[in-house]
Amino acid sequence: MERSTIVRVHEGLHARPATRFVKLAKGFESDIEITKAGKSVSAKSSVKLMLLGVKENDTVTVRADGADAIEALEALIGYLKNPLSGLEDHADAPVVSAEAISVESKTPVMPATEQENAGFITGIAASEGVAIGVAYPFFPPEIAADNRMLKPEEIPAELQRFHEAVTHVQQRMEAELKTDNLAESDRGIIAALKDIAADETLLDEATGLIRGGLDALSAMLGASAAVARQFSEIDDPYLNARADDVQAVGRQICLALLGQQDINLEALPDGAILIAEDIGAWDFARAPLKKIGAIVCGHGGATSHVAIIARTHGIPAVLGLGKAVQQLKDVKKIAVDGSKGRVAPEPDEAISADFHQRIEEAKAEKQALEAYRTMIPQRADGTVIEVAANLGALEEIEVAQAAGAMGVGLFRTELLFMKHMHLPSEDMQTETYAALLKAFAPYPVIVRTLDIGGDKPVAGIEFPQEDNPFLGWRGIRMCLDRPDIFKPQLRALLRAAVHGKLKVMLPMISDAGEVRATKELIEVCRQELIGEGKACGEFELGVMIETPAAVFAARQLAQEAAFFSIGTNDLTQYVMAADRLNPTVAKLNDVSHPAVMAAIEMTAKAATEAGIMVGMCGEAAARPDLIAEFIHMGLTELSMSPASIPRAKKLISELK
Ligand code: PEP
Ligand code: MG
């Protein structure tokens, strides 16, 4: 018995929708197959289903054979036609890829001189601060296949050993999912891995090899490599990311066969310095951040996800050490200077004394700043200066509030888009923005609309190959060309606006027409929502000033925008024609250069004359040496990494 239908599942059958479809299929006794373009697979394997690559609007046939075939077809075809009916809980609950993601800008790097660097290994200054302490090397061991051939009589016991290892891994993942204090994003990662660990595709491949006489460990390594390869060969970025997940599951099963477990970051002693080649999102999401004294990595740079998390939590970090990190594997004690980007393995007495002194100074500064955390800084004339936080995820709310953030001056929504295997739905975005607004009320929250470009890929959006991605199809340019992506975000913002004081700002503006076009689209969205009977609120619409064009056209833009926020990270690179990611032109990439300061002043003047608010959300907003000048120019809002907030409040309150 079979039926065909056009698939209406948004973005097709991968990740959560595939898991849901398989769960539904497994609820029936019948054998069930799904066919697309002449290729059939079991509907009870999510890996096979994902590899079939069913996209939205594809035609598929579902065939069921068994006592409950009618009911099975009814349910499965019903799901494909209308996925929102029936079993959907959170249709688009975040499913997180285990990839590293980041869009944060650089922390200013203060290179040390050669002489100063004696006894140090240098890397990239990714998060400021100094630390000295016990080294905690995190180098998960490589697992190698020894391709041992089994005697025929050994095969049944080897199969048994393999099944026990698989069951062990499945049970551990099951137990982790039941843990109460698991963040939603981590739950997504573990649930996705657990599905793969229970899927027949990977396990059949491995048991087939064992039956053929190969030892279980080699079979598992071979099977996961083969299945991962299939995922990486598909022309779909969502599914390519599954290759890493398959390898991660394969590794866990191999470790269980060896009677081992990966090093557990939970066991990290208080204040220890974490040293690793790289720390994946999966490990870092579960790391006890409060215990980490500093982070040292071979991979990564000031823009990697490790750097952002470190900065947000005030953990000193030196990244990008390259091969030199291998020399640190057996180190017992290490000193880390996150401000200068260098580390000293087994520091001598002079270095230790210097570090201890700097740590004491930092502690004293932190204590002195404590009094400023909750204060509301004002200019001499009584104008309140809002010192707000730059955030990229809901998980950072607590840290920002603890630092005394007066709202959010920049919520980088691209992280929502980059860390999921699919575009976040309107509902999921609404929930996220509403949660932010509720957390910071009555302070305002400025949400920036999607700012991605050719150099920052997002699953589900195809970018053209560009010679100059920073001058290309990014930010507002891409959004206005892709209403299918932009409208759900604008609708979500309108819906969330009822929950607090929302402001929305547009990135990469270079022409007032872009603001007008966005306003028209917002009106279309508002009318749609009203027609659908959905509640929607109001928000102010502002623009980022981060292109020279926006500076020169600031007066015209001020007629269209309710506020300006100066993005000094991009503004500096565009004014100075110096790529912000290119270390060889880092010297030119200086916000305090008279050219950039003049651009900031022009912007502030245009805003003040037009009577609109002007703030700053680039890294320069936290520069102790420039804050006074910015306030003097007329800026009334500064938004920065949470860790910088107390110091900025102090500086502002001391201004004459
Ligand atoms: C900026 O350009 O200053 C800014 C805040 O945006 P981003 O760093 O995300 O480009
Ligand atoms: Mg920018």
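A residue counts as buried here when its relative accessible area is under 20%. These close-ups come from a predicted model.

**View 1. Two acidic residues hold the magnesium ion (ligand 2).** Glu546, through OE, and Asp570, through OD, coordinate the ion at 2.0 to 2.2 Å. The pair brings together distant parts of the chain, 24 residues apart: Glu546 sits in the loop between strand 17 (540-545) and helix 19 (548-552), while Asp570 belongs to helix 21 (residues 568-576). Asp570 has a relative accessible area of 3%, so it falls under the 20% cut-off and is buried. Glu546, at 2% relative accessibility, counts as buried too.

**View 2. Ligand 1 and the residues around it.** There are 13 residues around ligand 1, and the ones that come nearest are Arg412, Arg448, Gly567, Asn569 and Arg580. Look for Glu546 again: one of its polar side-chain atoms is 3.0 Å from an oxygen atom of ligand 1. The backbone joins in as well, with an N or O atom of Gly567 at 3.3 Å from a ligand oxygen and one of Thr568 at 3.1 Å. On its own, ligand 1 exposes 290 Å², and the protein buries 100% of that. Strand 14 (408-412) and helix 21 are the elements that give two or more residues to the shell, and helix 21 gives the most, with 3 residues.

**View 3. The buried face of helix 24 (residues 645-653).** Ile645, Pro646, Ala648, Lys649 and Ile652 are buried in this helix. Seen down the helix axis, these buried residues fall within an arc of 160°, so they line one face. Their packing partners are helix 12 (349-370), strand 13 (386-391), helix 23 (627-633) and strand 20 (637-640).

How values were computed:
Residues are numbered from 1 along each chain as its sequence is written. Chains are lettered from A and ligands numbered from 1 in the order in which they are written. This is a predicted model: local features need pLDDT of at least 70, side-chain atom pairs count only at pLDDT 80 or more; totals for chains, interfaces and linings use all residues. Side-chain values use heavy atoms; hydrogens and water are left out. Buried means under 20% relative accessible area, exposed over 50%, partly exposed in between (1.4 Å probe, protein chains only). Helices (H or I, at least four residues) and strands (E, at least two) are DSSP runs, numbered from the N terminus. The arc is that of the directions from the helix axis to the C-beta atoms. Contact means heavy atoms within 4.5 Å. Donors are N, O and S atoms within 2.8 Å of the metal (3.2 Å for Na, K and Ca); water is not among the atoms, so sites may look incomplete. A residue is near a molecule or strand if one of its heavy atoms lies within 4 Å of it. A polar contact is a pair of N or O atoms within 3.5 Å; within protein, one must be able to donate a hydrogen and the other to accept it, and residues adjacent in sequence count only if both atoms are side-chain atoms. Accessible areas come from the Shrake-Rupley method with a 1.4 Å probe; for residues, only the protein chains shown count as cover.
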